[in-house]
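Me: I have a structure open and want to go through its side-chain contacts. Can you take my questions one at a time?

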Amino acid sequence: MTSFDQFWPFYLGEHLDPLNRKFHVVGTVAAVATVVTVGVLASLGMIAWWWILAALVVGYGPAWVGHFFIERNRPASFGNPYWSLIADFRLAWFELRGALPVEAARVGARCRF
C-alpha cells in the first residue's frame, strides 16, 4: 500500500467485530487521557515525561486483546505503525459519532454492526 487511502479499507477489514472496535475505542480514549494527564502532571513537576510510555500500554493493550482474542488476527500496527495510529483515531472518531456504518459502506468494508 502506498497511501493512507489504500490502507484505510484494509484497516477496517481487520476490525470487523464490533467488540474489537469497542476495545480499540476504549484504548484510544484511554491513551489520549493518559497523555493529557501526564502532560499536566509533568508541567507541575509531579511526574516524569517518560511515563508517556504508559499511553502506549493503555492504548495498545485493549486493541491487541481485541485482535488476538476477539478478531483473531494480527494488529495492523505491526506492519504499518504510523498509518495504524492515524486509523485508530479515525476509527474512534467514526465509532463515537455512530458514523462508522456509512464510512464502512463508502470504502467497501464489511464490518458487523
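**Side-chain contacts**

Reply: The count of aromatic pairs comes to 10. One of them is F7 with F10, a tilted pair with 5.8 Å centre to centre and 50° between the planes. Keep in mind that this is a predicted model.

Me: Where do F7 and F10 sit relative to each other in the helix?

Reply: Both are in helix α1 (residues 4-13), and because they are 3 residues apart there, about one helical turn separates them.

Me: Is F7 buried or exposed? And what about F10?

Reply: F7 is buried, at 0% relative accessibility. F10 is partly exposed, with a relative accessible area of 34%.

Me: Which residues form the aromatic cluster?

Reply: F4, F7, W8, F10, Y11, W83 and F94 make up one aromatic cluster. W8 also has a charge over its ring: the charged end of R90 sits there, 4.6 Å from the ring centre.

Me: R90 makes me think of salt bridges. How many does the structure hold?

Reply: There are 4 salt bridges in the structure. One of them joins the side chains of R112 and D17, at 3.1 Å from N to O. R112 is in the segment after α5 (100-107) and D17 is in the loop between α1 and α2, so this pair ties together parts that lie 95 residues apart in sequence.

Me: How exposed are R112 and D17?

Reply: R112 is partly exposed at 44% relative accessibility. D17 is buried, at 17%.

Me: Which residue does R21 form a salt bridge with?

Reply: R21 pairs with E95, and their closest N and O atoms are 2.6 Å apart. R21 belongs to helix α2 and E95 to helix α4, so the bridge ties together parts 74 residues apart in sequence.

Me: Is R21 buried or exposed?

Reply: R21 is buried, at 1% relative accessibility. Its partner E95 is partly exposed, with a relative accessible area of 21%.

Me: Back to R90. Which residues is it linked with in a network of salt bridges?

Reply: R90 is in a network of salt bridges with E103 and R106. Within that network, the side chains of R106 and E103 meet at 2.8 Å, N to O. These two are 3 residues apart in helix α5, so about one helical turn lies between them. R106 is exposed, with a relative accessible area of 56%, whereas E103 is buried at 6%.

Me: Changing topic. Which residues form the nonpolar patch on the surface?

Reply: The patch consists of V32, V36, V40, L44, M46, L85 and F89, which together have about 650 Å² of accessible area. Two elements, α2 and α4 (81-97), give two or more residues to it. The largest share, 3 residues, comes from α2.

Me: Where is the place of L44?

Reply: L44 is in the loop between α2 and α3 (53-71). At 57% relative accessibility, L44 counts as exposed.

Me: One last residue. Which helix does T34 lie in, and what does it touch?

Reply: T34 is part of helix α2 (residues 18-43). Leaving aside residues up to four places away in sequence, T34 touches A54, A55 and V58.

Me: Why does T34 count as buried?

Reply: T34 counts as buried because its relative accessible area is 17%, and the cut-off for buried is under 20%.

Terms used: Residues numbered from 1 in each chain as written. Predicted model: local features only at pLDDT ≥ 70, side-chain atom pairs only at ≥ 80, totals over all residues. Heavy atoms only, no water. Helix = DSSP H or I, 4+ residues; strand = E, 2+ residues; numbered from the N terminus. Buried < 20%, exposed > 50% of the residue type's maximum accessible area, 1.4 Å probe, protein only. Contact = heavy atoms within 4.5 Å. Phe/Tyr/Trp six-rings, centres within 6.5 Å; stacked < 30°, edge-to-face > 60°. Lys NZ or Arg CZ within 6 Å of the ring centre and 35° of its normal. Patch = residues over 30% accessible without salt bridge, like charges linked within 9 Å, V, L, I, M, F, W, Y side chains within 5 Å. Areas by Shrake-Rupley, 256 points an atom, 1.4 Å probe, with all protein chains shown as cover.
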